2 protein chains.
Amino acid sequence: MTGPRVRAAAERLFARHGYAAVSMRQIAAEVGIGAGALYHYTPDKQALLRDMMRSHLDDLLSAWAQADPGGEAVARLDAFARFHIRFHLDRPDAVFIAYMELRSLEPETFAEIEALRKQYEAVPEAILLDGLQSGVMQVTDVKLGSMALIAMLTGVNTWYRDGGRLDRAAVEDVYARMALGMVGVQTVAV
Amino acid sequence: MTGPRVRAAAERLFARHGYAAVSMRQIAAEVGIGAGALYHYTPDKQALLRDMMRSHLDDLLSAWAQADPGGEAVARLDAFARFHIRFHLDRPDAVFIAYMELRSLEPETFAEIEALRKQYEAVPEAILLDGLQSGVMQVTDVKLGSMALIAMLTGVNTWYRDGGRLDRAAVEDVYARMALGMVGVQTVAV
DNA sequence: AATTAAACCGAACGACCGTTCAATTCCAAG
DNA sequence: CTTGGAATTGAACGGTCGTTCGGTTTAATT
């Protein structure tokens, strides 16, 4: 029971202040135990970061595997854009950490996490390649298109707040349309 | 002469390891002086961060003021996309810090930096609004379009490396085309 | 009620933190 | 050659860091 609370506290604090700026004593205080007791739940501070990054990316990949509708490229890109926004808005802390703390990882852990990230980047690449080959999309470069798409979608996390001018569904709509336009698919005005 | 070297070393180290993870002694070692001597060039560590953020955003705003071609919305958006990529690829460290270390700023400094960032976000907003009103662009939401555009363009910094598959000019071309497509402007295939 | 293993405390370790400051070195102006 | 101010050193300050560990509490099982 304490284990998950330790991980949750670490995630919240790492996201808020950064890995290097958070002390084990702060994490322990958040959980309500002494700093020494943390070491029943993690071998060290680095493992806390490693495990939360790994499980975040594992979750991401398996969630898409389940959400992927397959089929035609345009519909699939639409689904991907909406999935990406939804998944990322649901876990802003984990997303922030996965982006910002890559540099806090030791080399071999970094390589492992990087491989998972590349695996995810392959998802829009495959969709764009399909759309290009079937002639429904016009994109100059599949790799760059994928990177641009992911950056655009992940960017939602930097400004979206619940209770703002637009709700999640509206944001999904707007972004899905821009994502399609980006690769040359024109949609009807809304 | 030492002053600029201190700022340069701090910028490089902050970008590489993060503000919190870099010690004054590391900065001093990089410059080749003792840690105490740093305090002839900055009142404290926080001022190093504040000054580099402020001057980065000042540079960004005045560089665009000079690069802005004005005139018609489509050409102006094309110019903005190319300008943004070029400016950001030229100073990857400063860009990284400006994005990642907002949370390391004290509240009043944060507010000041945030205001400069908002000023820059107003640039694509104005272009999109013009394009929308003159009927050459179709974008569902000007604010979201601006955020998506900036996120997409800034994303280049996360993967671009000199000597890679595409040079800067080619990247500019691809991204300018995607930026226009995103807001409903179709361009000829390349 | 006795046993046991896990959970936890709290003090301690050596290392490093940002910052200060008296003392020293450096170097250009007179 | 002297002088004066800027540049720099290096030790020291009080604190905090991640981690360890002997001892104590807790709670479930026999």
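I looked up B:Tyr39 and found one of its polar side-chain atoms 2.7 Å from a phosphate oxygen of DNA strand C. That is a polar contact (a pair of N or O atoms within 3.5 Å). The model is predicted, so I kept to its limits: local features need pLDDT of at least 70, side-chain atom pairs count only at pLDDT 80 or more, and totals for chains, interfaces and linings use all residues. Residues are numbered from 1 along each chain as its sequence is written, chains are lettered from A and ligands numbered from 1 in the order written, and side-chain values use heavy atoms, without hydrogens and water.

Next I checked the bases. A polar side-chain atom of B:Arg25 lies 2.8 Å from a base nitrogen of DNA strand C; for A:Arg25 the distance to a base nitrogen of that strand is 3.3 Å.

Then I listed the surroundings of DNA strand C, counting a residue as near if one of its heavy atoms lies within 4 Å. There are 17 residues, and A:Gly34, A:His40, A:Tyr41, B:Arg25 and B:Tyr39 come nearest. Helix α2 (residues 24–31) of chain B gives the largest share, three residues. I took helices as DSSP runs (H or I, at least four residues), numbered from the N terminus.

Which part of DNA strand C lies within 4 Å of the protein, sugar or phosphate, or bases? I noted that 52% of those atoms belong to sugar or phosphate and the rest to bases.

Note on methods:
A polar contact is a pair of N or O atoms within 3.5 Å; within protein, one must be able to donate a hydrogen and the other to accept it, and residues adjacent in sequence count only if both atoms are side-chain atoms. Helices (H or I, at least four residues) and strands (E, at least two) are DSSP runs, numbered from the N terminus.
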